Amino acid sequence: MKYISLTLLAPFLLSCAIAKNPVSREEIIHPGEVKWLEFKTTDVGVKLFCKGQEVKVEANKDKAQAIVIESYFSDLQPFTCSLKFNDQVLEEVFFKVVEKEYKAEKLKVDPKRIKLSAKNQKRADAEQLVLNKIYASSEPKFLFKQAFQEPMNSVVTSVYGTKRVYNNVKKGQHLGTDYRAAIGDKVPAANAGKVVFAGDLFYTGWTVIIDHGMDVFTVYGHCSKTLVKAGEMVERGQLIALSGNTGRTSGPHLHWGVKIQGQYVDGFVLIDETKKAFKE
């Protein structure tokens, strides 16, 4: 009878045990929301996969961090995120997607604001191509070390996710947060990052877009004036613009949008999640 040394088998048995029994946990997420994930790992080359797609993860010698989102237009199907090192699964997070009821409102607007002229549609389409390139070129690391904060200490006049019906005909949704503001009110950055756009857009008028790294962007729209330039690094709370009434709007206010991994999400949930992560 031939005997195999347990010393030789030990590494193989250990690797099999790790591969078959990864650490697991469960989370709940709603459409339009985000989750901040942290993993205890010493492997800086880890990768995170959710719904079969790779999600950017920042790893150092102590931990790995990532943001997971669920689209506002979710199909409510549960999904799994797997942290891997090479082909080995180190940890799994099982997400249950729970439906969320968003507010609804009816608006009467000028019919010209619903159906664009050929000239305006051409401009809007051209600007969207520019924005697509911006959102596809995020910095490969988180540029902030603090929790996100609201961009204005004011009354919220329209919350994220509000379902809208225009003139009892056109249906849509407001995927941002509107703040009451007079022309010229100060607008600070919600967190540290890199300004990737500061200019005039058809829909949001004078607009500032900040890249916070790892496919996290914040948008500040309808401003009367921008006070920063593309390429400039800004800190949380730094003055970046003055509120206004520019673009496609019916009155002065600040529109704040949060776009992560190509989807607009609820900025207040991002604030809450990062407060937990940065213990503020």
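Let's start with Lys 225: its bridge partner in strand β19 is Leu 242. Keep in mind that this is a predicted model.

**Around β19**

Strand β19 covers residues 239–243, and three bridges tie strand β14 (residues 186–188) to it, with the two running antiparallel. On that pairing, Val 187 has Ala 241 as its bridge partner in β19. Strand β17 (residues 216–226) is joined to β19 too, again by three bridges and again antiparallel.

**An open sheet**

Now for a sheet with five strands. It is open, its pairing is mixed, and its strands come in the order β1-β8-β7-β3-β4. At the edges sit β1 (23–29) and β4 (53–55), each of which pairs on one side only. On average, neighbouring strands here are turned by 25° against each other, direction ignored. Take β3 (residues 47–50) and β4: three bridges join them, and they run antiparallel. One bridge to look for has Cys 50 partnered with Gln 53 in β4.

Here are the bridge partners side by side:

| Residue | Bridge partner | Partner's strand |
|---|---|---|
| Lys 225 | Leu 242 | β19 |
| Val 187 | Ala 241 | β19 |
| Cys 50 | Gln 53 | β4 |

**A buried lysine**

Finally, have a look at Lys 259, which you'll find in strand β20 (residues 253–260). Which side chain of opposite charge is nearest to Lys 259? That's Asp 215, 11 Å away, and Lys 259 is buried yet has no salt bridge. Setting aside neighbours within four places in sequence, Lys 259 is in contact with Tyr 135, Asp 215, Val 216, Phe 217 and Tyr 264.

Notes:
Residues are numbered from 1 along each chain as its sequence is written. This is a predicted model: local features need pLDDT of at least 70, side-chain atom pairs count only at pLDDT 80 or more; totals for chains, interfaces and linings use all residues. Side-chain values use heavy atoms; hydrogens and water are left out. Helices (H or I, at least four residues) and strands (E, at least two) are DSSP runs, numbered from the N terminus. Buried means under 20% relative accessible area, exposed over 50%, partly exposed in between (1.4 Å probe, protein chains only). Lys and Arg count as positive and Asp and Glu as negative; His and the chain ends are not counted. A salt bridge is a side-chain nitrogen of Lys or Arg within 4 Å of a carboxyl oxygen of Asp or Glu. Contact means heavy atoms within 4.5 Å. Two strands pair if DSSP finds at least two bridges between them. Axes are lines fitted to C-alpha atoms, for helices over the stretch in contact, and angles run from 0 to 180 degrees between N-to-C directions.
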